[in-house]
Amino acid sequence: PQAVDAFFDDSDAANLPTLGHRRWMLDPVMAKTGLGFSPSNTAYGPYLYHFATLWAFDRDGADVDYDFIAWPASGLFPATLFSPRQAWSVTLDPARYAPPEADKLTVTLVRESDGKSWVLSGEGYLPADTGAYLGVNTDNYGVDNAVIFRPDLGEEEPYAGTWRVTLQGLRSPQGEARPLSYQVQFFDPAEPADPSPTDPAQPAEPEGPSPAQPDRGGQDAAFSDVVPGSWYEEAVRFAVGQGLLNGVGGGRFAPEEPMTRAMVMTVLARLDGVDTAPQTAGESWDLRGRRWAVTNRISDGLAPGETITLEELATMLYRYAALRDGAAPAHNFHLPGMPDGDAVSSWAAEAANWAVDRGVLVGDENQRLNPQRPATRAQFALILQRFLSTP
């Protein structure tokens, strides 16, 4: 997923004049694709670089009909997929538009919430990682005709609400003026995804205190089912003392019971300083944790009642570490040397490798990761302790 995000971003100074990776991916004639990943054992300076590649030369969609292709796309668009430093792009159907000329082009963006506008016109913009930019590229990166632009938002907030985009100076192949206008409505994916408190598809709130929604402040971890001297006793005391985990009622911690996706999302939200306690009558105990997780791209928020696997847990922790501490892929690739390293799902490989490198995830007595094994509450407490204790 990070590779696809990077291809769509493409907005550093070197790639800004062409946005070639993004345009290949948005080429309308590409009906089929595939993504590949290759770990590298060769150091370039102090770093190991891994490589991703995407197949972009399929032509099975050659008969597709379109007018223009925008990124961010016209209509509803998730705000989490687009940051103020990224460039906008509009690819024009060559059958309907002549190659655009930068010196005759004006792009106007209007934020409808306050009517503020940004106008980009003519030539002379220098490519940079941030700031205002307007350019045209007619090289063959998918479709030739591309207008690339970026308003200088400075310290503006992330994109939200409806933005109107107008391109003037475009012409048809016959030379007739053909202005283009469209709207992008940025939305927060967490808002539409919020479940109704009475949604029967959501899991019922557990009886007694929620395992992931403890009262604030440390609590006594002398649970009747936490065995003194056990491998997890110290971790349970740590997690409960930090106010991140709680018992399940009746003086029990239930160390062997599985963690659910909702529980983990809520614990990480609480770790991030979110008050996850329900604020209204009938509100689901996990609503605020899941909303935070979706908004911050820690999780898609789906299947909250399902048991979380170890590789899913590693992925959420890695995303949290990237969000708050700038965590990056590990320089060393550990999974090939582990007995079941190849059993880790491809989408979780980077996160699992990072977790092993950090000592957050360790193998069993046989060095096996067991990536699809459900994580128990005791395991989660121990992994959480390692995660918070590792520099």
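Biologist: Is Trp 88 buried or exposed?
Modeller: This is a predicted model, in which local features need pLDDT of at least 70, side-chain atom pairs count only at pLDDT 80 or more, and totals for chains, interfaces and linings use all residues. Residues are numbered from 1 along each chain as its sequence is written, and side-chain values use heavy atoms, leaving out hydrogens and water. Buried means under 20% relative accessible area, exposed over 50%, and partly exposed in between (1.4 Å probe, protein chains only). With a relative accessibility of 0%, Trp 88 counts as buried.

Biologist: How many aromatic pairs does the structure hold?
Modeller: Let's begin with the rule: rings of Phe, Tyr and Trp (its six-membered ring) pair if their centres lie within 6.5 Å, and planes under 30 degrees apart count as stacked, over 60 as edge-to-face and the rest as tilted. By that rule, the number of aromatic pairs in the structure is 23.

Biologist: What kind of pair do the rings of Trp 88 and Tyr 159 form?
Modeller: A pair of aromatic rings is described by the distance of the centres and the angle of the planes. For Trp 88 and Tyr 159, the centres are 5.5 Å apart and the planes lie at 80°, so the pair is edge-to-face.

Biologist: How many residues apart are Trp 88 and Tyr 159?
Modeller: Helices (H or I, at least four residues) and strands (E, at least two) are DSSP runs, numbered from the N terminus. Trp 88 sits in strand β7 (residues 88-92), and Tyr 159 in the loop between β11 (146-150) and β12 (161-168). This pair links distant parts of the chain, and its separation along the sequence is 71 residues.

Biologist: What is the relative accessible area of Tyr 159?
Modeller: Like its partner Trp 88, which is buried, Tyr 159 is a buried residue. Its relative accessible area is 3%.

Biologist: What is the angle between the planes of Tyr 318 and Trp 354?
Modeller: These two rings form a tilted aromatic pair, 5.2 Å from centre to centre. Tyr 318 belongs to helix α6 and Trp 354 to helix α7 (residues 349-358), 36 residues apart. Both are buried. The angle between their planes is 40°.

Biologist: Which strands are at the edges of the open sheet?
Modeller: Five strands form this open sheet with mixed pairing, in the order β6-β13-β12-β8-β9. Two strands pair if DSSP finds at least two bridges between them. Each edge strand pairs on one side only, and here these are β6 (75-78) and β9 (116-121).

Biologist: Which residue in β9 is the bridge partner of Thr 106?
Modeller: Strand β8 (residues 106-111) runs antiparallel to β9, and six bridges join the two. In β9, Thr 106 is partnered by Ser 121.

Biologist: How far apart are the closest N and O atoms of Asp 114 and Arg 111?
Modeller: A salt bridge is a side-chain nitrogen of Lys or Arg within 4 Å of a carboxyl oxygen of Asp or Glu, and the structure holds 21 of them. Asp 114 is partly exposed at 47% relative accessible area, whereas Arg 111 is buried at 12%. The two residues form a salt bridge, and their closest N and O atoms are apart by 2.7 Å.

Biologist: Which residue forms a salt bridge with Glu 283?
Modeller: Glu 283 is buried, with a relative accessible area of 8%. Its partner is partly exposed at 22%. The closest N and O atoms are 2.7 Å apart, and the partner is Arg 288.

Biologist: Which side chain of opposite charge is nearest to Glu 311?
Modeller: Glu 311 lies in helix α6 (residues 310-325), and among the residues it touches (contact means heavy atoms within 4.5 Å) are Trp 347 and Pro 371. Lys and Arg count as positive and Asp and Glu as negative; His and the chain ends are not counted. Glu 311 is buried yet has no salt bridge. At 9.8 Å, the nearest side chain of opposite charge is Arg 261.

Biologist: How many of the eleven residues of helix α4 are buried?
Modeller: Arg 261 is one of the buried residues of α4. What covers them includes α5 (287-295), α6 and α8 (377-389). Helix α4 (residues 261-271) is largely enclosed by the rest of the structure, because its number of buried residues is ten.

Key: Lists of a residue's contacts leave out its neighbours within four places in sequence.
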